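Grab a coffee and open the viewer. Here are some short exercises on how the parts of one model fit together, each with a worked solution.

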Amino acid sequence: MRAAFERRRHLVDFAVGSLARHPTKNLGLVVTYALVVFLVGSVMLYGSAIRREAAAMLSSGPEITAQAMVMGRHDMSTSADVAALKGLRGVRRIEPRLWGYLWDSAGAANYTLMVPPPSDAAHAVGKGEAIVGEGVARARKLKPGAMLFLVSPSGKFLKTRVKSILSSDSALVSSDLVLVEEADFRAFFELPADVWTDVAITVTNPREVTTVAEKAALKLPRHRFVTRADMSRTAEALFSWREGLTLALLAGALVAFAILAFDKASGLSAEERREIGILKAIGWETGDVIALKLVEGGLVSGVAFLVGVIGAWAHVRFFAAGLFAPVLEGWSTLYPRFPLAPSIDALEIATLAALTVAPFTAAILVPVWRTATADPDAVMR
Amino acid sequence: MITLEQVTKVFNQGRHNEVAAVRGVDLTIGDGRVTVLRGPSGSGKTTLLTVIGCLARPTTGRIRIDGEMVSGLPERFLNEVRRRTFGFVFQRFNLIRGLSARDNVMLPAYPTGRPHRALIDQAEGLLDRFGLADRASLSVEHLSGGEAQRVAIARALINDPAVIVADEPTASLDGERVAQFLAIAEDLKRAGKTVLITSHDPRITAAPLVDALVTMADGRIVEASP
Amino acid sequence: MIFHPPILALIGASGLSAVVLGGAGLFAGRLLAGWDPTNGSERQIGLEKTTHLVSTVVAFVLTLEAASLVLFAFNADRMAPLFVGAMCAVGTLNASVWGFPTLWAKIAVFFAAFVWLAVDRVDLRARDWALIRPKYAGLLILAPLVLAEAGFELAYFLDLKADTITSCCGKLFGEDKPALGGDLAALDPRVALWALGAALVAAIGLGFGARRRRWAAVALGPVALAAFGVAIAAVISAIAPYVYEQPHHHCPFCILKREYGHVGFALYLPLFVATGAGLAAAIVAALPGTTTSRATIRTAIGGLAKTSAIGFTLFGAIAAALVWRSGLALIG
């Protein structure tokens with residue numbers, strides 16, 4: 001037991017010394033390795049941060065959204081529709097909502113105009129006031145108290161004073177938001193007083209969501225009822241798919257890296273070959289040399305993985321994954337700029353290791369073995 | 001006691017460049033004696049030395065060390081026997097550059113798993129014995145030829161083997177260094193070690209401490225005395 | 001197919017294992033045909049050298065497979081939101097007919113690789129290649145198993161589609177369900193815990209006794225396997241409800257979740273190691289060794305059996321602690 005421990009300790013000592021003796025040899029490998037971990041890690045951490053973000057956003061949204069449909073296209077709901085839903089059993093609150101998109105040619109961006117629901121007291125806006133998302137504020141260089149002018153497609157003019165700017169907690173979805181008062185909204189878009197974009201339904205018992213949606217569908221056959229579970233499934237599937245696709249594109253880089261690792265491990269310098277020959281000749285076994293080389297590989301992996309993961313974390317945390325964000329987020333002229341919270345969990349670390357450390361280790365196994373089985377009498381020939 | 005029966009060693013078996021480097025050798029090497037293998041280059045003496053020293057397996061034939069059959073032993077046990085039985089001093093010393101003399105001396109003992117501290121003490125003791133105490137921490141590429149050889153001998157002794165094997169030990173040494181080497185060999189013999197040397201250097205083959213001379217030619221033993 | 005990073009990683013890992021073991025299987029055939037340690041021919045020396053490679057790569061594959069088993073279960077749990085009706089890993093596994101076969105195959109590969117490596121380690125300690133032939137014959141079983149597992153897994157992931165309607169643990173492990181899961185869930189917790197206690201005592205006893213008696217070591221194999229089955233049944237029938245503190249929640253996968261402190265891993269890890277070590281001890285004991293290596297092999301069997309006994313003890317202790325700590329009273 002003691003001897004086995006000492007033996008291992010000697011191996012690690014020697015491996016560290018050996019890496020220190022050939023510092024430049026592995027430098028290129030470690031840099032490439034760390035880069036690969038960084039790339040793959042950025043994609044994964046960003047993907048998971050964005051999914052978490054989306055989930056957080058959805059969790060605050062209504063359990064069921066009802067949308068009127070005409071010929072398979074979205075239409076406005078009327079006050080009569082809202083009234084029809086009232087009195088449905090198991091429903092806690094029914095809130096008709098007003099929101100719509102506005103193409104802002106001055107800023108060359110799309111805004112989402114929305115009337116905050118009466119239940120959201122924190123974001124209540126008065127007539128002539130607006131609360132804007134972080135992206136809008138950035139694009140139009142707005143500060144609280146500044147004036148925001150909007151022009152509707154039909155040439156209507158809306159002049160508002162910025163009351164506040166939305167915090168960037170869920171910036172992914174609120175970045176392009178402009179919250180305005182109901183009368184301003186209707187006047188701006190020239191909407192009659194009794195139409196609504198859609199209806200949010202909050203349910204008393206979360207287990208009854210499907211039942212409530214089914215019952216509601218009977219009352220309003222021309223409406224579509226989307227549950228939060230449907231939305232989160234779609235969001236999860238969409239972001240996962242994007243993340244997976246980006247990773248699949250990076251697979252080429254992974255293969256190239258594995259080939260590099262194989263090549264590095266096979267192409268030993270004459271000096272290293274001589275050292276292995278000496279070790280074999282003075283009584284080291286094949287198993288010892290394999291262990292030695294795997295410890296070396298493990299140290300390289302450890303350093304590169306750590307550097308790569310920290311790099312990826314910083315990339316997502318401080319630079320919002322600038323390299324991959326456009327692919328993963330989807331297209332929008334107003335990218336949110338907000339601190340994502342990449343939380344590193346065991347599944348992600350394990351996946352990242354399986355995608356990077358496993359190919360590296362697999363690639364060096366055969367070269368390591370070939371090195372280690374050098375004939376001990378080679379040094380005497 | 002090491003005995004060889006009908007030992008052969010063939011390289012590149014079954015190919016057009018097949019070479020039988022050792023052909024049917026019977027030999028007994030007695031304990032505590034200095035034995036010299038001599039012969040021209042290409043006579044097979046170095047190959048025979050690697051086979052005796054368990055560095056290479058014989059193609060056919062048997063080798064016994066103190067009665068235990070070692071040909072056919074799995075590698076890790078062959079290594080165990082080798083570490084216990086043989087210490088090697090190679091022609092070109094084969095020290096690892098960039099490591100100190102002390103670390104070089106300790107290397108063969110790493111697989112035995114002896115405690116680090118004990119190994120350091122032992123290595124320094126050996127270096128001291130060969131007058132290299134002040135060189136222990138020096139990287140080996142800064143040593144002279146004679147010093148390097150003594151470090152190589154110290155390394156051969158770290159596992160306290162019964163047999164010291166030296167391949168052409170005097171090939172690159174001047175007269176004074178040869179005398180120094182012979183003195184060390186004498187010491188080892190006096191300490192009860194078996195010494196096995198390959199050499200065609202008359203300063204070695206004619207030295208009074210040699211107990212047995214084995215002459216090889218073309219892979220066979222042509223003369224063994226006594 | 002769902003493009004999900006852990007899925008890509010899992011497919012990569014099992015593909016790699018399959019390629020590596022496919023090669024090792026071919027080598028096993030060559031070795032069995034031409035193995036002769038008394039011969040010093042270059043062919044034999046080449047075979048001996050390659051055994052080092054095979055030992056190393058199988059160790060690598062075992063590590064990979066163990067990690068991938070955990071990743072597989074973990075990921076199945078994480079993917080549950082993608083499927084209608086799925087609350088945990090069971091729903092994800094049920095979303096395709098290949099789900100559970102893949103899990104069983106992964107578990108089988110884990111045990112087979114564990115046993116193979118244990119036999120390999122014992123063989124390396126024997127001075128006369130005592131177990132080399134059975135070991136490489138075993139590789140001829142392990143290799144197709146790994147290939148099958150990779151095939152199942154690929155079929156499973158290709159078959160998975162988001163929005164599939166699936167049934168989850170409530171359906172599979174409901175007490176009134178006619179399937180095996182339902183039977184296990186309906187099993188009286190008192191009976192389950194008593195059976196678990198008896199199986200653990202038997203396995204632990206044999207484990208500590210295997211060093212001196214060969215029959216005990218051989219018997220440890222089936223007993224360890226039985227104890228594994230009883231342990232899983234007890235988890236479903238009693239231990240899981242104790243963890244959830246809900247008498248009708250029997251799922252053996254939900255205990256892996258974060259909500260329950262990942263306590264399932266602490267429970268399953270010693271169980272898997274104990275079962276693997278018990279099987280390995282039995283197989284080594286059942287193999288015809290050689291006279292020269294008898295003492296070495298006996299020591300190795302003792303070590304494996306002891307590992308098994310300690311693993312089962314640990315499992316029993318953790319299970320007891322979970323039952324003890326629980327606020328639920330299933331047994332009056």
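## Exercise 1: Sizing up the contact between chains B and A

Work out how many residues each chain puts into the contact between chain B and chain A, and how much area gets buried there.

*Solution.* Start with the head count: chain B supplies 32 residues to the contact and chain A supplies 27 residues. Keep in mind that this is a predicted model. Next, the area: about 2,700 Å² is buried between chain B and chain A, and 57% of that is on carbon and sulfur atoms. Now look at who loses the most on the chain B side: B:Ile96, B:Tyr110 and B:Pro111 top the list, and together they make up 20% of what that side buries.

## Exercise 2: Polar links and the makeup of the chain B side

Find the salt bridges and polar contacts between chain B and chain A, then say which helices of chain B take part and which residue classes are there.

*Solution.* Step one, salt bridges: 2 turn up across the interface of chain B and chain A. The side chains of A:Glu285 and B:Arg83 form a salt bridge, at 3.6 Å from N to O. That passes because the cut-off for a salt bridge is 4 Å.

Step two, polar contacts: 11 residue pairs are counted between chain B and chain A. Step three, the elements: helix H1 (45-52), helix H2 (75-85) and helix H4 (116-129) of chain B each give two or more residues to the side that touches chain A. H2(B) gives the most, with 5 residues. Step four, sort that side of chain B by class, and you get 15 nonpolar, 8 polar and 9 charged residues.

## Exercise 3: A serine in a loop

Is C:Ser41 buried or exposed, and what does it touch?

*Solution.* First place the residue: C:Ser41 sits in the loop between helix H1 (5-34) and helix H2 (42-78) of chain C. Its relative accessible area is 12%. Buried means under 20%, so C:Ser41 counts as buried. Then check the neighbours: leaving out residues up to four places away in sequence, C:Ser41 touches B:Gln13 and B:Thr59.

## Exercise 4: The two domains of chain C

Describe how domain 1 and domain 2 of chain C meet.

*Solution.* Begin with the bounds: domain 1 of chain C covers 1-167 and domain 2 covers 169-332. Their C-alpha centres are 23 Å apart. The contact draws 28 residues from domain 1 and 30 residues from domain 2.

For the area, about 2,300 Å² is buried between these two domains of chain C, with carbon and sulfur atoms giving 84%. On the polar side, there is 1 salt bridge across the interface. C:Asp77 and C:Lys257 pair up in a salt bridge, with their closest N and O atoms 3.2 Å apart. The polar contact count between the two domains is 1 residue pair.

Now the elements on the domain 1 side: H2, helix H3 (89-94) and helix H4 (99-125) of chain C each give two or more residues. H4(C) gives the most, with 11 residues. By class, that side has 23 nonpolar, 2 polar and 3 charged residues.

## Exercise 5: The domains of chain A

Where do the domains of chain A run, and how far apart do their centres lie?

*Solution.* Domain 1 of chain A comes in two stretches, 2-57 + 237-380, while domain 2 is 63-227. From C-alpha centre to C-alpha centre, domain 1 and domain 2 of chain A lie 47 Å apart.

How values were computed: Residues numbered from 1 in each chain as written. Chains lettered and ligands numbered in written order. Predicted model: local features only at pLDDT ≥ 70, side-chain atom pairs only at ≥ 80, totals over all residues. Heavy atoms only, no water. Contact = heavy atoms within 4.5 Å. Buried area = accessible area lost by both parts, 1.4 Å probe. Polar contact = N/O pair within 3.5 Å; in protein donor to acceptor, adjacent residues only side chain to side chain. Helix = DSSP H or I, 4+ residues; strand = E, 2+ residues; numbered from the N terminus. Nonpolar A, V, L, I, M, F, W, Y, C, P; charged D, E, K, R; others polar. Domains from an automatic or database assignment. Buried < 20%, exposed > 50% of the residue type's maximum accessible area, 1.4 Å probe, protein only.
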